[in-house]
Amino acid sequence: MKLLFLGDLVGRTGRTAVIEQLPAIVEDQQLDFVVVNGENAAAGFGITEQILQDVLDAGADVVTTGNHVWDQRDTLVYIERQDRLLRPVNFPSGTPGRGAHLFTARNGAQVMVANVMGRVYMDALDDPFAAIERVVDDCPLGAVADAIIIDVHAEATSEKQAMGHFLDGRVSLVVGTHTHVPTADHQILPGGTAYMTDAGMCGCYDSVLGMDKEEPVNRFQRKIPGGRFTPAEGEATISGVAFETNDRTGLAERVAPVRIGGHLEPVIPPFWNL
Ligand SMILES: [Fe+2]
Ligand SMILES: [Fe+2]
């Protein structure tokens with residue numbers, strides 16, 4: 001089956017690019033399943049229920065998040081009725097919403113998606129490795145799930161690579177989010193799991209991580225906050241990773257980055273229809 005994962009939507013420019021262009025991408029590439037990280041979709045901070053609905057209507061099957069999941073306070077309430085929105089699975093027990101779920105793809109296949117947060121240079125959460133192991137043990141690839149997608153929302157590249165190898169052969173894709181800069185290390189690991197350390201963001205790359213560059217540069221220089229972080233408003237690049245799985249095993253057969261529009265050189269997977 002053919003799948004697509006898009007990195008963190010940042011602000012109006014990022015979400016608008018995806019909402020406007022995803023329907024044609026899904027159609028042209030005959031995608032069976034799409035996951036989008038939405039943690040920065042609402043002015044860079046969290047996601048509103050309306051934006052979530054717009055992203056789902058555009059063709060996303062699941063929206064994952066990360067450390068910014070609760071930045072819009074309403075999310076604590078509406079996440080209970082929106083089962084296509086995931087928050088990190090290793091938040092404390094009793095946290096609203098859920099971190100992993102089995103979804104039905106357009107082709108009828110069962111796709112497990114899990115969102116997990118790293119702990120290196122981030123909040124102290126439950127062990128992400130133990131948490132994801134429980135999820136995968138409950139839903140084995142090739143038996144219960146036809147594909148398994150893991151969004152590792154983490155700062156450290158080492159922690160994301162370690163998660164990739166920890167899950168190699170047991171899931172279809174391990175992809176990193178949170179750092180907003182696409183990495184060039186997409187590969188299929190020895191056990192058959194597709195891997196990329198960072199999917200990049202869907203946002204304006206003439207920026208600092210999608211935010212208007214002036215205030216971040218000022219804070220690094222002067223250590224005195226001069227204003228709020230606001231999303232950069234230039235044209236967004238849609239950034240992510242495309243992959244294809246074996247229908248019998250659920251393991252990856254092809255993986256390639258996707259970058260469309262904006263300031264970055266375009267990258268279209270060689271196995272996509274032009
Ligand atoms: Fe992010
Ligand atoms: Fe994040």
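In this predicted model, L22 makes a good starting point. Setting aside neighbours within four places in sequence, L22 is in contact with L4, L6, A17, V34, A58, G59 and A60. L22 also belongs to a bigger picture: the largest nonpolar core has 59 residues, and those with the most contacts inside it are L4, L22 and I150. Helix α1, covering residues 11–29, supplies the largest share of this core, with five residues. A second core, separate from that one, has 23 residues, among them A147, I149, V175 and V241. As a general point, nonpolar side chains in soluble globular proteins tend to be buried together.

Turning to the strands, six of them make up an open sheet in the order β4-β5-β6-β7-β9-β8, and the pairing is mixed. The edges are β4 (100–104) and β8 (187–188), each of which pairs on one side only. Further in, strand β7 (residues 173–177) runs parallel to strand β9 (residues 194–196), the two being paired over three bridges. Here V175 sits opposite M196 in β9, and V175 is also one of the residues of the second core.

Strands β10 and β11 are a different story in terms of direction. Strand β10 (residues 238–245) pairs with β11 in the antiparallel sense, over eight bridges. One of the facing pairs is T245 and A252, the latter in β11. The two strands form a hairpin with six residues between them, and G250 in the turn has a positive phi of about 80°. Strand β11 (residues 252–260) is largely enclosed by the rest of the structure, because seven of its nine residues are buried.

Two non-glycine residues also show a positive phi. Most residues other than glycine have a negative phi, so such cases deserve a mention. H180 has a phi of about 70° and is placed in the loop between β7 and β8. With a relative accessibility of 6%, H180 counts as buried. L209, at about 55°, is the other case; this residue is found in the loop between β9 and α6. L209 is partly exposed, given its relative accessible area of 42%.

L209 turns up again at the largest pocket, which has a volume of about 410 Å³. Of the 17 residues lining this pocket, H68, V208, L209, M211 and F229 are the closest to its centre. By type, the lining divides into eight nonpolar, six polar and three charged residues.

F229 links the pocket lining to E215, since F229 is among the residues that E215 touches. E215 is found in helix α6, which spans residues 214–222. Although a charged residue, E215 counts as buried, at 11% relative accessibility. Not counting residues up to four places away in sequence, E215 touches P225, G226, G227, R228 and F229.

Back in the earlier part of the chain, T64 lies in strand β3 (residues 62–64). T64 is buried, with a relative accessible area of 0%. Beyond residues up to four places away in sequence, T64 touches F5, V35, V36, N37, G38, E39, L86, V113, N115 and D151. G99, found in the loop between α3 (75–78) and β4, is 35 residues from T64 along the chain, yet their C-alpha atoms are separated by 8.5 Å. G99 is buried too, at 5% relative accessibility. Leaving aside neighbours within four places in sequence, G99 is in contact with L86, R87, P88, V89, V113, A114 and N115. L86, V113 and N115 therefore appear among the contacts of both T64 and G99. 

Q53 and P88 are also 35 residues apart along the chain, but their C-alpha atoms are separated by 20 Å. Q53 has its place in helix α2 (residues 49–57). At 30% relative accessibility, Q53 counts as partly exposed. P88, its partner in that distance, is one of the residues in contact with G99.

Conventions: Residues are numbered from 1 along each chain as its sequence is written. Chains are lettered from A and ligands numbered from 1 in the order in which they are written. Side-chain values use heavy atoms; hydrogens and water are left out. On a 1 Å grid over the protein atoms alone, a cavity is a set of points where a 1.4 Å probe fits but cannot get out, and a pocket is an open set with protein on both sides within 12 Å along at least five of seven lines; lining residues have an atom within 4 Å of a point. Grid points are joined across faces, edges and corners, and a volume is the space filled by probe spheres set on the points. A nonpolar core is a set of buried Ala, Val, Leu, Ile, Met, Phe, Trp, Tyr and Cys residues joined through side-chain atoms within 4.5 Å. Buried means under 20% relative accessible area, exposed over 50%, partly exposed in between (1.4 Å probe, protein chains only). Helices (H or I, at least four residues) and strands (E, at least two) are DSSP runs, numbered from the N terminus. Contact means heavy atoms within 4.5 Å. Two strands pair if DSSP finds at least two bridges between them.
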